[in-house]
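Colleague: I am new to this model and would be grateful for a close look at one part of it. Please describe how that part is packed, and then place it within the whole.

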Amino acid sequence: MPPHPHCHWRGAADWKSLGLELSTTSDEACKQFDALLTQIVNHYDDETVGGAAGCIEKMFKADPEFLMGHVVKLGVSGQLVHKDPSFAQDIYKMASLAQQPHVKLWERKHAHAVQKLCEGKPSQAASIWEDILVDKPTDIISLKFLHDMYIMNGLSYGLRDSLARVQPYWKPQLPFYGDVLGMYAFGLEETNMYSEAEKTAKMALDINRYDAWATHCVAHVCEMTGRFKDGIKFMMDTENDWNDNGLQCHNYWHTALFHTESGDFESAYGILDKHIIPFMNKNKSMFSLTDAASLCFRLEAEGYDVGNRWLDCYNTSKDHVEDTVWSYFDINTMISCLGAKKTSDCDNLISQLKHVIKENIGENAAIYRDITLPICEALQAYDDSNFDLAVEIMKPLKYHIHRVGGSHAQRDLFNLFAIHAALRSSKPENQKYARHLLMERKSQKETPLADRLLQRLVDAHGSS
Ligand SMILES: [Fe+2]
């Protein structure tokens with residue numbers, strides 16, 4: 001990756017002068033912390049500083065008790081205390097460090113927020129980060145954590161408004177200014193403010209053309225407004241700016257979606273095989289699994305054989321069947337296990353969801369009960385060719401699915417799932433429901449997908 005515009009790492013006095021005093025006397029710890037944040041916010045590893053792992057090592061070597069270092073390291077781990085006793089120890093050690101008298105109030109609040117997050121209470125964590133921002137509107141750590149939380153919770157307005165509120169405080173000379181614009185652009189996009197979103201994303205790209213999150217925002221705008229040709233052109237014109245970033249797999253996924261929606265399945269397969277699956281096989285990340293599995297599902301639903309690609313998905317997801325961290329991951333794990341015909345893993349995943357519900361573990365319990373478990377059962381029904389049951393389950397969930405998290409483009413998977421189940425149903429009322437869902441899609445954007453599935457309905461069931 002080329003150097004990020006922000007590469008003059010801030011020491012203790014720099015942080016203090018910005019109103020973000022850190023409770024360490026180590027300049028080196030502060031500088032490594034800044035370098036770490038820059039990589040996290042920008043989804044990449046900077047080899048010139050030893051990557052994120054190298055920064056963490058140097059940061060704790062300089063000050064093993066540096067509280068904000070522990071906050072960020074644990075906060076981005078994606079782990080939960082009830083799943084891992086040694087991780088729980090790390091969290092409670094951080095909580096203990098936060099009680100030291102020299103710790104600043106905003107840092108103590110951060111530690112509390114990360115503790116809540118890792119106890120499975122992301123909404124409580126988000127409230128604390130919102131609270132920090134009232135006093136510290138230029139705190140990029142709160143903004144980034146909130147951005148991720150609102151994506152996980154599917155709370156579009158939080159995604160936009162958390163950034164809208166602090167815009168007047170962010171000046172172009174501040175580090176992360178462009179990144180904040182890129183995040184704000186995504187919040188605008190997720191609340192259907194498409195022209196404002198695109199304009200803001202392009203302002204971020206004018207500051208840093210390698211801002212893969214701002215690029216990603218432009219892709220979302222093109223997806224939601226049906227500008228598939230524009231989207232393909234933009235992504236291909238800028239490919240060398242983002243294809244070395246941690247978001248590369250997801251940005252390729254967006255590019256493949258443009259092709260899929262347009263009916264160019266060969267190009268979609270090309271991207272899947274050349275970029276998405278190799279990235280997933282190499283990194284084994286759950287984020288890349290969601291890209292691969294959801295794309296395989298879309299392609300297979302359109303009648304194209306996904307073949308051994310399901311096994312690639314399964315090989316990434318099989319160690320996460322019992323994770324129960326985030327609904328969108330769980331559902332894509334279910335999709336990959338169904339695709340690879342791994343029945344016992346599917347049953348195990350269902351058992352894990354039921355365990356969280358029964359034991360009322362964290363905020364996931366209610367979401368799993370209301371949405372995630374029913375969707376997984378609908379997917380099983382669809383896989384068993386019980387399309388009527390799949391429709392019956394999915395219908396009442398339609399306006400509640402945002403609770404599984406993710407973006408509108410990611411959750412479009414569930415719109416498509418309901419359409420395909422209804423289209424395959426033997427019941428005339430479900431076939432009519434499929435037609436209504438497709439007409440709804442056509443009302444929102446130019447969509448070759450809706451046109452070809454409407455034609456498929458006519459071919460299969462007549463025009464009534
Ligand atoms: Fe996206």
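Modeller: I have chosen helix 21, whose buried residues are covered by elements that include helix 20 (364–383), helix 22 (408–424) and helix 23 (428–444). The model is a predicted one, in which local features need pLDDT of at least 70 and side-chain atom pairs count only at pLDDT 80 or more, while totals for chains, interfaces and linings use all residues. Residues are numbered from 1 along each chain as its sequence is written.

Helices (H or I, at least four residues) and strands (E, at least two) are DSSP runs numbered from the N terminus. A residue is buried if 20 or more other C-beta atoms, placed from the backbone, lie within 10 Å of its own; it is exposed at 12 or fewer and partly exposed in between. In helix 21, which runs over residues 387–394, the buried residues are Phe387, Ala390, Val391, Ile393 and Met394. Viewed along the helix axis, these buried residues fall within an arc of 165° (taken from the directions from the axis to the C-beta atoms), so they line one face of helix 21. An α-helix has 3.6 residues a turn, so residues three or four places apart point the same way.

The surroundings of helix 21 can now be widened to the whole protein. It has 24 helices and 0 strands, and buried residues make up 52% of its 464 residues. Two residues are in contact if their C-beta atoms, placed from the backbone, lie within 7 Å. Of the contacts with a separation of 6 or more, 60% join residues 24 or more positions apart.

The C-alpha trace spans about 75 × 50 × 35 Å along its principal axes. The radius of gyration, taken over C-alpha atoms, is 22 Å, which agrees with the value near 23 Å that a compact globule of 464 residues would have; the globule rule is 2.2 Å times the number of residues to the power 0.38.

An automatic or database domain assignment divides the protein into domain 1 (1–153), domain 2 (168–238) and domain 3 (287–464). The centres of domain 1 and domain 3, taken over C-alpha atoms, are separated by 35 Å. Between these two domains, 11 residues of domain 1 are in contact with 9 residues of domain 3. On the domain 1 side, helix 7 (122–135) and helix 8 (140–153) each supply at least two of the residues that touch domain 3. Helix 8 gives the most to that side, with 3 residues.
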